[in-house]
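This report describes a model in which two chains meet. Look at the structure first, then read on.

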Amino acid sequence: MRNYLIRRIISVLPVLFFVSLLSFAVIWIIPGDPTAAFLDASATPEQVEALRDNLGLNKPPLLQVTEWYGQVLTGNLGQSILMRTPVLTAILERLPLTLTLAAMALVLAVLLGVAAGVFAATRRGTWADQTVMTLALLGLSVPDFWLGLLLIVVFAVQLGWFPSGGYVPFMQDPAAWLSSMVLPTLTLAVVQIGFIARMTRSAMLDVINQDFIRTAHAKGLSELYVVTRHGLPNAMMPILTVTGIIAGALLGSAVVVEQVFALPGVGRLIIGAILSRDYPLIQGGLLFLTLIYLLINLGVDLLYAAVDPRVRLE
Amino acid sequence: MSTQALDALPKAQSPFLTFMSRLLDNRSFVIGATLFLFVVLLAVFADVITPYEPNANNFRARLQPPSAEHWFGTDHFGRDILTRVIYGGRLSLTIGIAVVIFTGVFGTLIGAAAGYFRRLDNIIMRFMDALMAFPSILLAITVAATLGASVPNVILALGIATTPHTARIVRASVLVVREMEYVEAARALGAGHARILFRHILANSLAPLIVRLTYVFASVILAEAVLSYLGVGPPPPAPTFGGIIANGRDFMVEAPWVTLFPGLIILFTVLGLNLLGDGLRDVLDPRIKV
């Protein structure tokens, strides 16, 4: 197990290298002079030069990259141009909201998705199976930002059950916090419930037809016991895989959902940075989100090894 | 064997016909194809179907609810929503096709190179892993926003965001097929790398690629809507699904139809493509059962 752990962690390093290089390269991709985004035409050449110096654009590329790595490795992601605060501080302030939102959506999606998938698989071919699977397909075909808007109209504007947007910190008022998180969590979860339900159903169908399930039934075990103790554990691998993929997708969708519900999370921060071309913030934000994504996937891989001994022996 | 004996055998059906008849027996495929074809026909015959111009303002008909003249109502400029949705569909489908071609070509080339030339494998796939580590919608937003909002840039952004996964899928099937005996036979007969790769390996690795491209199409329709909604899609007044929804957001209470209908059409299109993909997967790759 320890060898597997070490090998898996080492394999993340080259990916991390490319990711950081790509995050850094954002500033080179843009056609024209990056400073043009911040200064209008009336800026004096001195102002342009000062900003170029500030962004480090006057140094040779290799030196720029080396310095960027030097900074990143010491936890310094630079200074946001528009917010005039350190990038790391800006991100860390907003990270808890995004992570909580994504985590709540993931838990909801896994609970409902696995339940729906098992339900459908054990009733294969019946109308119940078809209804659940149609709903799952609808769920993963719906544009999430549009669903969010509809939920706002129905549950916030018409019924007035939840706020239509904005955020109340947990420490300030836990009830209001929960109320402000319900609709975004639901919006974020719907698409993923569909994915997990489909994957669970297919994984369960593979398992359900195997001999040991028949044996379990023949022993006279109850249906519930067979499904939860013999079936589901053996269907866990594909479900875990899809959960890992979803955790990454959730980070991406959270960006959009935060925008719809005006939640001050990392996603909204990064979108704002991208739209206003705040390069240090874009670079830092992208690096941070991908780092989280890689950590999640590392976690999923380690879970594999814990669930299935064959993986760590490979 | 005499010719009479040969005639007595049941006629062999061409593989293509067998394939088509299995597709047409597949309910997902038929429903999905119907839905998708409907949207395609709307987009192709947009100027025949609707008498309105997608960008023609009519301030006497602002924010009108659905009626006989305006089936889907009008927006705050008095533009006919049905017209804008249909023309938006035209733009979305065009972008979808372009991205599918982009990811099909580059994903195949990259995936084939990684799978066939083992020495390139590690470096290429680590780079693809890195691209895949960015949440793809965020990658697309970044590329589209840095390059500037325009149709070609949206295509490029979504192409870059979808290609790593396509490459991974092609690589996986190339890895399997390259070990087949007929590939060894081709090599023994003196076939070059290009011939082996394109005629023998890729031709036999197409099934997962076709299924993948159908799902890419669906996800591109969704992603393009997100980009336009956030304002980094094709610039206004171009009618886009996401753009119409973003316009309707400010009038969601008094004029919900502006938001409702474009979303329904997106749902319709994506649902059709997903069903199409499910059907193709069932028929092309019977090993995976969903």
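## A covered helix in chain B

In this predicted model, the buried residues of α12(B) are covered by elements from both chains, including α6 (144–158) of chain A and α5 (81–116), α11 (206–230) and α13 (257–284) of chain B. Helix α12 of chain B runs over residues 241–248, and 8 of its 8 residues are buried. Among them are Phe241(B), Ile244(B), Ile245(B) and Asn247(B). A residue counts as buried if 20 or more other C-beta atoms lie within 10 Å of its own.

## Where the chains touch

How many residues does each chain bring to the contact? Chain A gives 41 residues and chain B gives 34 residues. On the side of chain A that touches chain B, several helices supply at least two residues each, including α1 (2–29), α6, α7 (174–208) and α12 (279–307). By class, that side of chain A has 33 nonpolar, 6 polar and 2 charged residues.

## Chain A as a whole

Chain A has 13 helices and 0 strands. Its C-alpha trace spans about 85 × 55 × 35 Å along the principal axes. Of its 314 residues, 39% count as buried. Among contacts in chain A with a separation of 6 or more, 73% join residues 24 or more positions apart.

## Annotated spans

An unreviewed UniProt entry lists "transmembrane region" for several spans of chain A, including residues 132–157 and 177–197. In the model, residues 132–157 of chain A are 92% helix and 0% strand, with end C-alpha atoms 29 Å apart. Residues 177–197 of chain A are 100% helix and 0% strand, and their end C-alpha atoms lie 29 Å apart.

Notes: Residues numbered from 1 in each chain as written. Chains lettered and ligands numbered in written order. Predicted model: local features only at pLDDT ≥ 70, side-chain atom pairs only at ≥ 80, totals over all residues. Buried ≥ 20, exposed ≤ 12 C-beta atoms within 10 Å, placed from the backbone. Helix = DSSP H or I, 4+ residues; strand = E, 2+ residues; numbered from the N terminus. Contact = placed C-beta atoms within 7 Å. Nonpolar A, V, L, I, M, F, W, Y, C, P; charged D, E, K, R; others polar. UniProt positions renumbered as here; feature names shortened; annotations may be inferred.
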